[in-house]
Amino acid sequence: IAKAGLIQMTRMLAIEWAEYGIRVNAIAPGTVETPSRAAVFADPKIRKMMIDRVPLARFGTTQEVAAAVIYLASPAAAFMTGHTLVLDGGLTAY
């Protein structure tokens, strides 16, 4: 429910703020391999179970999330607003 709320808020703010030239987009990352998740990922069974759900068969990286942020803030995304960019290795494609 919380994710759906954020997606809808992104859409509504994009509509409300468009007249001011403000673009509103969101990023929805899947599992990202970070130092804070190292303890969970250290268990081979849990790691395999989590990776097996992702079509690309790996976790995302902080660099990939940062690249998405840079893209959305760049002129390349100047005509993009109201969108939630999903970075989940294809998990939600199921």
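Visitor: Which residue forms a salt bridge with Asp52?

Guide: In this predicted model, a pair counts as a salt bridge when a side-chain nitrogen of Lys or Arg lies within 4 Å of a carboxyl oxygen of Asp or Glu. Asp52 lies in helix H3, and its partner lies in that helix too, 4 residues apart, about one turn of the helix. The closest N and O atoms of the pair are 2.6 Å apart, and the residue that joins Asp52 in this way is Lys48.

Visitor: How many residues apart in sequence are the parts that Glu33 and Arg47 tie together?

Guide: The side chains of Glu33 and Arg47 meet in a salt bridge, with 2.9 Å from N to O. Glu33 lies in the loop between strand S1 (26–29) and helix H2 (38–41), whereas Arg47 lies in helix H3 (residues 44–52), so the pair ties together parts whose separation in sequence is 14 residues.

Visitor: Is Arg47 buried, partly exposed or exposed?

Guide: Buried means under 20% relative accessible area and exposed means over 50%, with partly exposed in between. The relative accessible area of Arg47 is 25%, and this residue is therefore partly exposed. Its partner Glu33, with a relative accessible area of 38%, is likewise partly exposed.

Visitor: What distance separates the closest N and O atoms of Glu64 and Arg58?

Guide: Side chains of opposite charge can pair when their charged atoms come close. Glu64 counts as partly exposed at 34% relative accessibility, and Arg58 is partly exposed with a relative accessible area of 38%. These two residues form a salt bridge in which the closest N and O atoms are separated by 2.6 Å.

Key. Residues are numbered from 1 along each chain as its sequence is written. This is a predicted model: local features need pLDDT of at least 70, side-chain atom pairs count only at pLDDT 80 or more; totals for chains, interfaces and linings use all residues. Side-chain values use heavy atoms; hydrogens and water are left out. Helices (H or I, at least four residues) and strands (E, at least two) are DSSP runs, numbered from the N terminus. Buried means under 20% relative accessible area, exposed over 50%, partly exposed in between (1.4 Å probe, protein chains only).
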